[in-house]
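Biologist: I have a model open and a few residues to ask about. Can we go through them one at a time?

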Amino acid sequence: MVDPESEVPPLPPRYRFRDLLLGDQGWQNDDRVQVEFYMNENTFKERLKLFFIKNQRSSLRIRLFNFSLKLLSCLLYIVRVLLDDLSQERGWSPIFWVNRSLPLWGLQVSVALISLFETMLLSYLSYKGNIWEQVLRVPFLLEIINAIPFIITIFWPRLRNLFIPVFLNCWLAKHALENMINDLHRAIQRTQSAMFNQVLILISTLLCLIFTCICGIQHLERAGNKLTLFDSLYFCIVTFSTVGFGDVTPKIWPSKLLVVIMICVALVVLPIQFEQLAYLWMERQKSGGNYSRHRAQTEKHVVLCVSSLKIDLLMDFLNEFYAHPRLQDYYVVILCPTEMDAQVRRVLQIPMWSQRVIYLQGSALKDQDLLRAKMDDAEACFILSSRCEVDRTAADHQTILRAWAVKDFAPNCPLYVQILKPENKFHIKFADHVVCEEEFKYAMLALNCICPATSTLITLLVHTSRGQEGQQSPEHWQKTYGRCSGNEVYHINLEESVFFAEYEGKSFTYASFHAHKKFGVCLIGVRREDNKNILLNPGPRYIMSASDICFYINITKEENSAFKKQEQHRKNHLSRSFYHGPSRLPVHSIIASMGTVAIDLQDTSCRSSSGPTLSLPSESGKAGRRPSIAPVLEVADSSALHTCDLLSDQSEDETTPSDEDVLNGLEYLKGYPPYSPYIGSSPTFCHLLHEKVPFCCLRLDKGCQHNYYEDAKAYGFKNKIIIVAAETAGNGLYNFIVPLRAYYRPKKELNPIVLLLDNPPDMHFLDAICWFPMVYYMVGSIDNLDDLLKCGVTFAANVVVVDKESTMSAEEDYMADAKTIVNVQTLFRLFSSLSIITELTHPANMRFMQFRAKDCYSLALSKLEKKERERGSNLAFMFRLPFAAGRVFSISMLDTLLYQSFVKDYMISIARLLLGLDTTPGSGFLCSMKITEDDLWIRTYARLYQKLCSSTGDIPIGIYRTESQKLTMSESQISISVEEWEDTKDNKDQFNYRSNHRNSTSSDQSDHPLLRRKSMQWARRLSRKVPKHSAKTAEKISQQRMSLYRRSERQELAELVKNRMKHLGLSTAGYDEMNDHQNTLSYILINPSPDTRLELNDVVYLIRPDPLSYVPNPSSSRRNSFCNAIGQDTREETQL
């Protein structure tokens, strides 16, 4: 049987073979109705309207034909005038009758018939129900005046010589020209230029006035002077130009009346045209016009898209962009939706910028404006966010839309995008280079707490400078600091390099050390030819190959350097090696002293847990000999390099954790954070807790069922606290915690982190931070002293003050930082020993940090900053003490990182690796070490470089140096009696004369009651004495009185803080109210010269190799025991 389910149902009637043969006749009985659309366009009138009006191309042809007819009629009139004979005519009759030949009459009649027919047809097609609106139009009336008389002459031959003002057709030609230009722009699908149209109208109006006056005067003077066309042209030009020679003048009153009428018309019409032209010109100046296609194809340009253009942003971009020699021929096209302000307009009128910068007012979301900027031909497009917006998320959304619009319009144009919030990064992953402001900001602020002045280090590295800043200053530290600030990161291929070509096949550390010893360049990283990842200090195991791209720090790139071989250098090479003078020391010696034969080979074994990592070598020889430093091996001895498992928890000195550590929760594990607050964060290996902390335990100032602590002091932290004062717990704050909990930070050196937030954090942020050890938050503000005391400000290592989003915008420029600056100044006055790191919106406001109105040294620095700005420096603010010491930072200073990436596409990657935002396997990380008294035997930076490369594989890149300021008058001297002061004043004058002008600030010493009592007695007695030298004595008295007033004010502030601490039940033992750091200054030396002397308390910036790169098998157990040496190497401060 046949399965009923497998039977094929019969085809419906419409698919039968019979119907296919007979067609659709079977459907005739169907109820369906065929509908035809747009039947109204099938009428004869609509077809004519489509051809004459609606269709752009056919309408353009009709307009062109009409324009040609009008010009032909004017030309025929001129021919008639030239053929006219005026010798036989007298009286007024020549005004009404003319001589017109039969062929000329036939041509004029033909032109009139065609013009009249076309005019009537167009009037009929454009008729909208009001006949008088069509009839009373000026073009229609002129057409009737010029065409109807010719048609009448066909039927009445006696009127063939009647004068007809055909020259008025010039106005109809002007009207046809305007319509033709409009149709032309519609036909080629381009937006017409209002400026072009207005100029065309002005020129055509002027020509029509002159032509009408010429023809009118010539015809009327047929009854007078019998002027020719040339005479009439001469008269009109002389009259309209207000010259008026008077040699040709009208004789009869009609011609005089015509001249009066034409002058009146010109005085009315032409000013109106000129006014409209001037208005359009001003509007074009505001909008910027267009960047021509010819220039875009023959010259190179970049486009800068911004929401609003401020003068600081513009100058930062222009100075950094044009600082590179190969970009001098580029043009910068600015596309901004707002009108440029007065300051920007003045700057763009400077010849240096007016020839290279083009401002276009428009939106990046409009294809028309992108076409004006020739985005598809641009070399790059920079899209910057407006960080001064109150709603930073909305600013990011605008940036994202701009990036999408540019990518849609010009897919091949490289995009350089600045974004504010990290959670919005994944929307613009397609961009070639992206800089997230909050990521970089919080990472730099975090590293500032463990590597001092990291923000200043990165800022100097990403700014273009020649190292000329401060060279005219009498201060030695300013000269050295300014010269070293010219160091930047450059790249070169190994086989093409003079610096590094000879190190092919040798280890990275060997190449880095010897390149620094020989050329003074600091090799910091490499990149394989077949790999896009950059490796910072890959370590001694890495072997250099010819195809490697080398990244190094130097004053200038190798291509701009000249190499001079000095024969005298070779002759004196040996003698300098044994020179032991204090000012000039060997920079390349392996044997550091006479008679030392034994050489310390590279220590590749695991070091003991006791003692420093780089300790002073024991001297087995004769006493007094200086110890030697091991040479840097060309190729690391792989057999002697023991693999060390850093993944285990035994990274500290002890092999097993103590009971106290277990009770305090120091038994952490290492791994990747299980939860990230936003998409796109780079996974970082960190110290984590075995179990996440309950949300209630993250609150520092409120107890819960798990603990009863209500302030930071009750927790009993072993290390000092890092306090972060922010408005909200944004996702970027996650990047502050990660670098401080990275796996290479020893767990005993982890600082507790307290987030002092104005607003409570949301749950997803707490989910992200609850896995990190010793991270707490507290709702409060730095405006409130009680909140500061509760979160442990009296024993904090650093207080990081983040700029608040709600205060980033202000009506007056630079006032956005007012609240932050005043709050930080209050902190500085209340807790003078506190290390405060502040973020500002405007870099110019850093001069107000730790402000002292009567500090002569600060005033001298202010004058130096003005001089450097006059010299054209991009880093005029670099000599401000808070910036040089890394105490103040502005994210706008990092805008140059995005600009530099146009020339150096690797700069963003290197900056992210240095800050720990990205972790590439095999790439090192930034850390620091402090020079102690036991390390001064190394003596010079070159020997330190050799010691680090030969022992730990670290690469030093700079020094953070702190110097003491010599004071003209310290407060400890106030307690002397008047007689003693009178006896020793001459010696003091001599001491003050020798001291530097910068040493004008006074320091507060210990507050002793006896000192206080003697000081007040001395001040009263001094006020009754008349000084012998009025000028010098008065200045000293003023300084000493000020010191007394300051001491009194300091005591009042100290009492205020102590009273609040007692009120809150806090101990006042940790409050040190008089330890002041006003008598020190700190600065950075990037890649200093090899013979730079090391000083006590110098902090050396290091790029340390990745310890995980030594783990051979990542799948092995993470609980194996490992060498204590690596644990020592990963300490923040490594002793030499």
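Modeller: Yes. Start with Ala-453, which has a relative accessible area of 1%. Buried means under 20%, so Ala-453 counts as buried. Keep in mind that this is a predicted model.

Biologist: Where does Ala-453 lie, and what is its phi?
Modeller: Ala-453 sits in a loop, with helix H18 (437-450) on one side and helix H19 (454-462) on the other. Ala-453 is not a glycine, yet its phi is positive, at about 60 degrees.

Biologist: Is Asn-1087 buried or exposed?
Modeller: Asn-1087 belongs to the loop between strand S21 (1080-1086) and strand S22 (1099-1104). It has a positive phi of about 45 degrees, although it is not a glycine. Its relative accessibility is 6%, so Asn-1087 counts as buried.

Biologist: Which residues form the nonpolar patch on the surface, and which helix gives the largest share?
Modeller: The patch joins Trp-92, Phe-96, Trp-97, Trp-253, Leu-257, Ile-261 and Val-265. Together they have about 740 Å² of accessible area. The largest share is 4 residues, and it comes from helix H11 (residues 253-287).

Biologist: How does Ile-261 count by accessibility?
Modeller: Ile-261 lies in helix H11. Partly exposed is the class between 20% and 50%. At 42% relative accessibility, Ile-261 therefore counts as partly exposed.

Biologist: Which residues form the positive surface patch, and how does Arg-847 count by accessibility?
Modeller: Arg-847, Lys-863, Lys-866 and Lys-867 form that patch. Arg-847 lies in the loop between strand S17 (836-840) and helix H31 (856-870). Its relative accessibility is 37%, so Arg-847 counts as partly exposed.

Note on methods
Residues numbered from 1 in each chain as written. Predicted model: local features only at pLDDT ≥ 70, side-chain atom pairs only at ≥ 80, totals over all residues. Heavy atoms only, no water. Patch = residues over 30% accessible without salt bridge, like charges linked within 9 Å, V, L, I, M, F, W, Y side chains within 5 Å. Areas by Shrake-Rupley, 256 points an atom, 1.4 Å probe, with all protein chains shown as cover. Salt bridge = Lys/Arg side-chain N within 4 Å of Asp/Glu carboxyl O. Helix = DSSP H or I, 4+ residues; strand = E, 2+ residues; numbered from the N terminus. Buried < 20%, exposed > 50% of the residue type's maximum accessible area, 1.4 Å probe, protein only. Lys, Arg positive; Asp, Glu negative; His and termini not counted. Charge placed at Lys NZ, Arg CZ, Asp CG, Glu CD.
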